[in-house]
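Reader: I work at the bench and would like a careful, close look at one part of this model, the surface that faces the DNA. Please then follow the chains outward from there, so that I can place that surface within the rest of the structure.

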Protein chains: 2
Amino acid sequence: MPVTIRDVARACDVHVSTVSRTFSAPHLVNPVTRSRVLAAADALGYRPNRAARALVTGRTHNIGLIVADIANPFFPPLIKAAEGQARRRDHHVFVADTNEDPAVEQELVRALAKQVDGILLCSPRMSNANIERLRHEVPLAVVNRVIPDLPAVLMDVAHGARQALDHLSALGHHEIVYLSGPHGSWTSREIGTAVQAGAREHGLRLRVLGPHQPTETAGQGAAEQVLACGATAVLAYNDLMAVGLLEGLDALGVPVPEQVSVVGIDDIALSRFTRPRLTTVTMPAAAAGTAAVDLLLHGTSDGASAAAQVRLPTSLVVRQSSGPAAASRPGSPRTALGAPR
Amino acid sequence: MPVTIRDVARACDVHVSTVSRTFSAPHLVNPVTRSRVLAAADALGYRPNRAARALVTGRTHNIGLIVADIANPFFPPLIKAAEGQARRRDHHVFVADTNEDPAVEQELVRALAKQVDGILLCSPRMSNANIERLRHEVPLAVVNRVIPDLPAVLMDVAHGARQALDHLSALGHHEIVYLSGPHGSWTSREIGTAVQAGAREHGLRLRVLGPHQPTETAGQGAAEQVLACGATAVLAYNDLMAVGLLEGLDALGVPVPEQVSVVGIDDIALSRFTRPRLTTVTMPAAAAGTAAVDLLLHGTSDGASAAAQVRLPTSLVVRQSSGPAAASRPGSPRTALGAPR
DNA sequence: ATGAAAGCGCTAACAA
DNA sequence: TTGTTAGCGCTTTCAT
């Protein structure tokens, strides 16, 4: 039923290799023959079988894209961009979702390895050691992770987080909580480090809570703890958690930002639609998707060195969920906020 | 460099076919030999090449999944579920995004055709004729579309939409707008029909506006038009548009639901986080993803007839964006609302 | 410019 | 139970 190169060859009385060339190296075949072949192919409805082609050339023209959770709104724009760029480079994208499980991640890389030209690991949760091992089975590139000699696209979340902290400090906050993200997340560590440094410089009291799953539920659940700390401002690992926190705080009757300021990270679409609208850090997800594909298929433009690294900027966008620190009030868990220094 | 079946065969001194069998039909090989082969394979780091296998078996163990827009929060849960079910059945999923463009849709089906065992068309925008043509090139199943003799998963959005209309009618609304969805959308037509029938029965005045792209922007842009109609309630094609409408109305100083009620469709995560929280129709996206994969790989349970069809229920969830119709007020575009009948 | 032939990694009859 | 032999659809030397 499926029409092959051989059917076309027979139809226009040339050898299969001529047909093959017509599709993979058209300039090597006589224009007249070429059009005859093309016509026959068209008439028969011939479509090259990429799998067969892959078997001999070793290139599948597919790439794998592995994310922790496709339902996390942070990823779709990245995926969409990656896919667009891949298509522009005549490739297709396998998307797989690990459910935040490092074991699944590893299994997926193995399963995909042979049918793709390379795999994009987006915010992987695996250990470095595992990634090091896997890279021998298939070309890898990572997003938001640093592995020696592996091409990487990094979002400079440290800068954005630092900006957020500066913003909060300028608003007079002294007691700040960082709601950290999932275990194994490079991003979460980056934020933690940046925020810790910032707190030290500004003389703020910083409390780190976590690790957490990066979900609304986790954010919602953290509301009481945040209050118990006596914090007046919270930076969350991502917008999903921040939005959850907004809900949790609301349920507790805590006004935002009057009593507690909340800052998220990612700038997902949702963050513009909460009330109050969420102050957050924009992440260049789409740009990262595009860049990552270029890196993987290598040759972003120049014939860059083996382990190219692309750094993308992030920045704070102030909306409504952050505001001046409330004056120390009676009834607040900490009676003396005592600004250090 | 890549280790093949032949390397393994050599390593434990058996024929390639024995190695092959060890992986594809283990029961046909002597347990002792089998473990020797397995050991050698493991030592060498052998991984079967699924592409090569596909070439001879004709089965790729991949499926394609095409959606209009992966960044529309309606799709990720569906994709995630499909992927999970596919993995359970030892398949992988190619996800592709058409940017709401029917031409891209068709091109993608063709490109994917040879490397998948079948393709899931989710809420396709293509014409029936095109789908009919494509189904001869690759097995197809559709979600939210009816094509004669093609397996389909349908969400009974008509029922949900009807419930929404009943709800609005019960609240005393007489002037209702339906913000319709994109051209080519089966869902949008279903809703339109249901809502039209309901309006007739309840004696309501119904105005259909559209078609629209299913985005916040479109919803936002519709706010003025909605007001101009003198409508007191709006049903939107999806939550994204409803949320946009909420914004647009807010910008115009129109209180929801006091002056205008807004009802969405889809029940995306976002809809629980807007203020007011969105009244909407739940859509069984995850269930649809699972069912669609089963249909495509056919054999949902029984060896059903050629064109199985799965219908999934939907239902209204009332939150805060819908409320009693405002009494006819001076200054409102229509001075006499005159309940018909 | 085209044809002939070998082979990519694997499976599937068929024999032994 | 295992080996032998073709061959999946295609590309790619090497001849011609």
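Author: What follows starts at the two DNA strands, moves to the contact between the chains, and ends with the interior and some local backbone features. Please keep in mind throughout that this is a predicted model.

Around DNA strand C there are 25 residues, and those that come nearest are A:H15, A:N30, B:I5, B:S17 and B:S20. The elements that give two or more residues to this surface are helix 2 (16-24) and helix 4 (50-57) of chain A, together with helix 2 (16-24) and helix 4 (50-57) of chain B, so that both protein chains take part, as the way these helices are defined and numbered makes it possible to say. By class, the residues near DNA strand C divide into 13 nonpolar, 11 polar and 1 charged.

DNA strand D is surrounded by 26 residues, of which A:I5, A:S17, A:S20, B:H15 and B:N30 are the closest. Here too the elements that give two or more residues are helix 2 and helix 4 of chain A, with helix 2 and helix 4 of chain B. Helix 2 of chain A provides the largest share of the surface near DNA strand D, namely 6 residues. The classes on this surface are 13 nonpolar, 11 polar and 2 charged residues.

From the DNA one can pass to the place where the protein chains meet, in which 33 residues of chain A are in contact with 33 residues of chain B. On the side of chain A, the elements that give two or more residues are helix 4, helix 5 (75-88), strand 2 (92-97) and helix 6 (102-113), and helix 4 of chain A is thus named both here and on the surface near DNA strand D. Strand 2 of chain A gives the largest share of that side, 6 residues, and the side as a whole has 20 nonpolar, 5 polar and 8 charged residues.

Turning to the interior, the largest nonpolar core has 178 residues, and within it A:L120, A:V234, B:L120 and B:V234 touch the most other members. In soluble globular proteins, nonpolar side chains tend to be buried together. Leaving aside residues up to four places away in sequence, A:V234 touches A:V177, A:L179, A:V226, A:L245, A:V260, A:V262 and A:V263. One of these partners, A:V260, also lies 8.6 Å from A:L227, C-alpha to C-alpha, although the two are 33 residues apart in sequence. A:L227 belongs to helix 11 (residues 223-228) of chain A, and it is partly exposed, because 18 other C-beta atoms lie within 10 Å, whereas 20 or more would be needed for it to count as buried.

In chain B, B:T232 sits in the loop between helix 11 (223-229) and strand 8 (233-236), and it counts as buried because 27 other C-beta atoms lie within 10 Å. Again not counting residues up to four places away in sequence, B:T232 touches B:H173, B:E175, B:V260, B:S261, B:A325 and B:A326. The core residue B:L120 is, by contrast, 39 Å from B:T232 between C-alpha atoms, with their positions 112 residues apart along the chain.

Also in chain B, helix 8 (residues 157-170) and helix 9 (residues 186-202) pack at an angle of about 35°, with their axes 8 Å apart, and the crossing is right-handed. Among the residues that meet there are B:A161, B:L165 and B:S169 from helix 8 of chain B, and B:I191, B:A194 and B:G198 from helix 9 of chain B. The residues of this contact divide into 8 nonpolar, 5 polar and 3 charged.

A few backbone features remain. A cis peptide bond, with omega about 0°, joins A:G210 and A:P211, and A:P211 lies in the loop between strand 7 (205-209) and helix 10 (216-221) of chain A. The bond from B:V256 to B:P257 is likewise cis, with omega near 5°, and B:P257 is in the loop between helix 12 (239-251) and strand 9 (261-263) of chain B. A:N144, which is not a glycine, has a positive phi of about 55°, and it counts as buried with 23 C-beta neighbours inside 10 Å.

Key: Residues numbered from 1 in each chain as written. Chains lettered and ligands numbered in written order. Predicted model: local features only at pLDDT ≥ 70, side-chain atom pairs only at ≥ 80, totals over all residues. Near = placed C-beta within 6 Å. Helix = DSSP H or I, 4+ residues; strand = E, 2+ residues; numbered from the N terminus. Nonpolar A, V, L, I, M, F, W, Y, C, P; charged D, E, K, R; others polar. Axes fitted to C-alpha atoms, helices over the stretch in contact; angles between N-to-C directions. Left-handed = near helix turned anticlockwise from the far one by under 90°. Contact = placed C-beta atoms within 7 Å. Core = buried A, V, L, I, M, F, W, Y, C linked by C-beta atoms within 7 Å. Buried ≥ 20, exposed ≤ 12 C-beta atoms within 10 Å, placed from the backbone.
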